[in-house]
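Here is a short walk through one protein chain. Keep the sequence beside the view and follow along.

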Amino acid sequence: AGTTISQTPTTKKSATTPRSSPTTQTIPGLLEQDTFNRPGQTLWGTASDGTRWSGDANTSTDFSISNQRGQIYRTTNGHSLYSAILGTTHSDAEIQFTAMLDSFNNSHIGAMLRYTDDNHYYKVLLDGQSLHFLKRLNPQQGPTIGQPISYSPQLQILYTIRFRVSGATNITLQAKAWPANTTEPSGWMIAANDTDPTYQTGQGGLRPQVNQNVTLSVTAFQMTSVTS
């Protein structure tokens with residue numbers, strides 16, 4: 001097994017940053033989608049496409065819908081990883097979602113693909129300093145795949161992240177991030193190959209880390225199938 005690297009360049013209400021408008025266009029290969037455009041409630045419930053969220057999203061009261069956003073607000077001491085899973089098992093897939101944090105102290109924005117359980121998945125994460133991949137292999141944190149790229153997101157600003165995993169024996173991970181009110185970069189910002197075919201298929205969703213008294217807000221989530 002090995003890795004080769006390639007790189008291109010209580011509910012708490014969120015801040016009043018303008019949310020991105022849900023798309024009304026047909027999305028090729030769409031698998032799952034949530035616009036979070038529904039009344040306020042505890043837990044995330046059922047997504048806008050009729051698929052029910054699973055994992056912590058519908059068991060932890062840290063999750064809510066508020067101001068037409070999906071939110072995670074942690075009141076307990078310390079920080080924790082959270083799983084929000086949407087849909088069934090897929091192989092080659094891509095996630096695009098828009099989210100923000102009001103603090104990056106022990107907190108990050110993250111999404112996962114080829115998820116089996118909380119100890120097995122590929123992940124992209126945006127912390128206060130970089131955008132990078134992680135492969136979770138066991139109860140301890142798995143290895144970082146590829147090289148992180150320096151990236152300094154601002155607080156209470158919505159960012160869109162696109163994350164793709166494709167391939168069988170030579171698995172390709174690709175990702176990019178950009179402020180939601182700006183144009184999407186034309187190329188991938190980070191890319192890496194994993195030659196260990198441990199994860200062939202799995203579910204997709206969000207896997208952020210949230211610290212005490214920190215709010216993560218999500219305004220849009222979609223997963224599509226891709227051709228490797």
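Start at D127. Leaving out residues up to four places away in sequence, D127 touches F104, H108, H132, Y151 and P153. The residue sits in the loop between β11 (120-126) and β12 (130-136). Keep in mind that this is a predicted model.

What does the side chain of D127 reach at 2.8 Å? It reaches the backbone nitrogen of Q129. A second backbone nitrogen, that of S130, lies 2.7 Å from a polar atom of the D127 side chain. Both pairs are polar contacts, because N and O atoms within 3.5 Å qualify when one can donate a hydrogen and the other can accept it.

Now look across to S107. D127 and S107 are 20 residues apart in sequence. In space, their C-alpha atoms are 6.9 Å apart.

S107 also leads to N211. N211 touches S107, along with R74, G78, H79, N105 and N106, again not counting residues up to four places away in sequence. N211 belongs to strand β18 (residues 209-211). Is N211 buried or exposed? Its relative accessibility is 11%, so N211 counts as buried. The cut-off for buried is under 20%. The side chain of N211 also has a polar partner: one of its polar atoms lies 3.3 Å from the backbone oxygen of N105.

Move on to N106, one of the residues that N211 touches. N106 lies in the loop between β9 (93-101) and β10 (109-117). Its phi is positive, at about 55°, although N106 is not a glycine. At 39% relative accessibility, N106 counts as partly exposed, because that class runs between the 20% limit for buried and the 50% limit for exposed.

Q68 is worth a stop too. Which loop holds Q68? It is the one between β5 (63-66) and β6 (69-73). Phi of Q68 is near 55°, a positive value in a residue other than glycine. With a relative accessible area of 36%, Q68 is partly exposed.

Finally, step back to the whole chain. How many helices and strands does the protein chain have? It has zero helices and 19 strands. Of its 228 residues, 52% are buried. The accessible surface of the chain comes to about 9900 Å². Carbon and sulfur atoms account for 46% of that surface.

Key: Residues numbered from 1 in each chain as written. Predicted model: local features only at pLDDT ≥ 70, side-chain atom pairs only at ≥ 80, totals over all residues. Heavy atoms only, no water. Helix = DSSP H or I, 4+ residues; strand = E, 2+ residues; numbered from the N terminus. Buried < 20%, exposed > 50% of the residue type's maximum accessible area, 1.4 Å probe, protein only. Contact = heavy atoms within 4.5 Å. Areas by Shrake-Rupley, 256 points an atom, 1.4 Å probe, with all protein chains shown as cover.
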